Number of protein chains: 2
Amino acid sequence: MYDCIIIGTGPAGLSAAINLKTYNKNFVWFGSGTLSDKVRKAEKIVNYPGFPEISGQGLFEKFKEHIEAAGIEITEKTVNNVMEAGGYYMVLADNELYEAKTIILAMGVMSAKVLEGEQEYLGRGVSYCATCDGMLYRGKKIAVICNSPKYEHEVEYLADLAAQVYYYPTFDSAVQRDNITISKDRPKIIQGDMQVRSLVLRSGETVEVDGVFCLRNAIAPSSLIPGIQLDHAHIAVDRSMATNLKGCFACGDCTGRPYQYTKAVGEGNIAAHSVISHLAEKE
Amino acid sequence: MYDCIIIGTGPAGLSAAINLKTYNKNFVWFGSGTLSDKVRKAEKIVNYPGFPEISGQGLFEKFKEHIEAAGIEITEKTVNNVMEAGGYYMVLADNELYEAKTIILAMGVMSAKVLEGEQEYLGRGVSYCATCDGMLYRGKKIAVICNSPKYEHEVEYLADLAAQVYYYPTFDSAVQRDNITISKDRPKIIQGDMQVRSLVLRSGETVEVDGVFCLRNAIAPSSLIPGIQLDHAHIAVDRSMATNLKGCFACGDCTGRPYQYTKAVGEGNIAAHSVISHLAEKE
């Protein structure tokens with residue numbers, strides 16, 4: 001049982017990880033080894049105190065240096081599900097189970113909008129995880145929505161299983177398979193009865209499918225952790241970064257505006273200190 | 001009329017100033033040119049993201065560099081009083097009046113305890129400002145409590161006016177005047193009737209005085225801004241860093257634990273963005 005699981009490798013997760021490490025806590029940090037795409041792609045940052053003017057790439061390198069100096073490891077798995085289990089948490093990451101006393105959510109905000117019908121059909125044809133649910137669609141017809149090239153290996157994995165894949169990447173894809181049809185049209189509505197039956201596109205066209213995989217950088221918080229309280233699209237927290245679930249804290253963009261690196265590192269710091277207090281109370 | 005007045009030059013005030021400057025706001029930033037003593041004296045900081053390991057002096061130099069690069073000025077005056085004036089604020093700094101639409105309080109936490117009787121006799125013999133109130137004690141007997149050598153010029157100014165100064169510095173003082181009596185005893189209770197009459201020391205000795213000057217790095221928030229809502233010793237704020245007074249925001253150590261640089265810069269960032277939103281609403 002870990003002391004804590006941190007989800008997300010942006011500035012908020014980074015700040016939380018550094019602080020838990022300083023306090024010698026036993027934690028797993030899930031996310032991308034390339035940290036945050038948002039940070040890396042920023043052209044010029046002038047309001048991160050201590051760096052008068054730095055590029056996103058420059059700040060990324062400083063962050064990387066800090067992680068290495070602190071001896072912290074990133075576990076490059078995608079978290080698909082977090083379950084409150086009465087005093088502790090179970091986390092499913094790429095189909096492997098992890099357990100921890102506390103959780104820090106630092107997964108940023110979803111830039112993609114949730115589709116109409118997506119929440120409704122989650123678990124009934126809508127999936128966020130190819131490795132978890134791919135086998136259910138062996139020999140079937142599926143749609144795959146993808147917003148980052150880093151998930152394309154999952155698209156190929158799905159094409160190995162499914163009879164037909166209708167693929168909707170938000171970028172120029174280089175994937176070539178006989179059973180993959182790439183479309184520039186944008187998905188709009190997921191429809192069905194008890195199960196997903198079709199996907200309606202912006203053009204008005206309707207594609208018949210048995211399932212829809214949404215492979216995105218982030219999962220909507222309410223899909224990731226059942227029962228978490230939201231404040232519009234953000235996770236509701238108090239000033240100690242506590243959510244409504246005991247032992248579960250959130251920080252960074254996922255808790256709301258301003259979407260700023262400095263705000264994110266500040267909240268990551270607070271969340272880590274709240275975890276440390278929470279663990280001390282339980283002992 | 002300024003857009004904003006920032007009080008305090010620690011990490012929270014710095015972060016707020018950088019952001020207001022980025023948004024081209026017209027503001028005054030009060031505090032010490034040496035920024036925060038707490039930052040400068042830190043031996044080793046390992047949890048400020050981007051600097052794997054840096055000394056307090058090192059981070060101070062980075063902050064200084066940032067201030068210079070951004071073209072921000074520090075106004076080295078001590079703020080004695082902030083008054084809500086119906087939609088805007090009046091700020092008294094070293095006896096000079098400033099007006100602003102919004103306030104950011106970033107004055108840190110008081111390390112010194114408030115004396116028994118201090119709040120009660122504020123304005124009735126207790127003063128925080130030699131230049132403001134010194135003239136009231138011409139030819140009288142006063143006590144001066146001082147916790148930083150940087151206020152010793154005020155002690156000498158008071159000695160020019162008063163008949164007798166009982167002086168209680170918390171450090172080794174080099175001040176030499178015929179009418180200044182330096183004591184290593186510690187003040188404990190301020191007593192009087194309608195006005196201050198005496199100061200009781202820890203040793204049990206009672207010194208008869210007409211006034212008590214408390215020259216400290218920080219003033220308790222409730223003394224600085226009448227009407228501000230506290231949460232124990234800290235300023236009560238919501239997640240946008242808003243206090244109970246409209247247009248008045250607070251950030252950094254003065255809003256509570258954890259007392260951390262990273263938390264402070266994060267809150268300074270949020271406070272600045274809240275000021276920017278507030279100004280936009282008023283326009």
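Student: By what turn and what shift along the axis can chain A be laid on chain B?

Tutor: A turn of 179° and a shift of 0.0 Å along the axis lay chain A on chain B, with an RMSD of 0.2 Å. That is the relation of a two-fold axis. The C-alpha of chain A nearest the axis belongs to A:G266, 2.0 Å from it. The superposition is by least squares on the C-alpha atoms of residues with pLDDT of at least 70 in both copies. pLDDT is the predictor's confidence in each residue, from 0 to 100.

Student: Where do these coordinates come from, and what conventions apply?

Tutor: This is a predicted model, in which local features need pLDDT of at least 70 and side-chain atom pairs count only at pLDDT 80 or more, while totals for chains, interfaces and linings use all residues. Residues are numbered from 1 along each chain as its sequence is written, chains are lettered from A and ligands numbered from 1 in the order in which they are written, and side-chain values use heavy atoms, with hydrogens and water left out.

Student: What are the scores of the model, and what is the mean pLDDT of chain A?

Tutor: The model has ipTM 0.77 and pTM 0.79. Chain A has a mean pLDDT of 92, and 99% of its residues reach 70 or more.

Student: Through which surface do the copies meet?

Tutor: They meet through the same surface, because 100% of the interface residues of chain A are also interface residues in chain B.

Student: Turning to helices, at what angle do helix 1 and helix 3 of chain A cross?

Tutor: The axes of helix 1 (residues 11-22) and helix 3 (residues 56-70) of chain A cross at roughly 20° and come within 11 Å. Helix 1 of chain A is therefore roughly parallel to helix 3 of chain A; angles under 35 degrees count as roughly parallel, over 145 as roughly antiparallel, 65 to 115 as roughly perpendicular and the rest as oblique. Axes are lines fitted to C-alpha atoms, for helices over the stretch in contact, and angles run from 0 to 180 degrees between N-to-C directions. Helices (H or I, at least four residues) and strands (E, at least two) are DSSP runs, numbered from the N terminus.

Student: Which residues make that contact?

Tutor: Helix 1 of chain A contributes A:P11, A:L14, A:I18 and A:K21, and helix 3 of chain A contributes A:F63, A:H66, A:I67 and A:A70. Contact means heavy atoms within 4.5 Å. The contact residues comprise six nonpolar, one polar and one charged. Ala, Val, Leu, Ile, Met, Phe, Trp, Tyr, Cys and Pro count as nonpolar, Asp, Glu, Lys and Arg as charged, and the others, Gly among them, as polar.

Student: And in chain B, how do helix 1 and helix 7 cross, left-handed or right-handed?

Tutor: Helix 1 of chain B passes helix 7 of chain B in a right-handed crossing. A crossing is left-handed if the near helix is turned anticlockwise from the far one by less than a right angle, and right-handed if clockwise. The axes of helix 1 (residues 11-22) and helix 7 (residues 261-282) of chain B come within 7 Å and cross at roughly 40°. This contact has 10 nonpolar, five polar and no charged residues.

Student: Which peptide bond to A:P258 is cis, and where is A:P258 found?

Tutor: The bond from A:R257 to A:P258 is cis, with omega near -5°. A:P258 is in the loop between strand 16 (248-250) and helix 7 (261-282) of chain A.

Student: What is the phi of B:D94?

Tutor: B:D94 is not a glycine, yet has a positive phi of about 45°. B:D94 lies in the loop between strand 4 (89-93) and strand 5 (96-105) of chain B.
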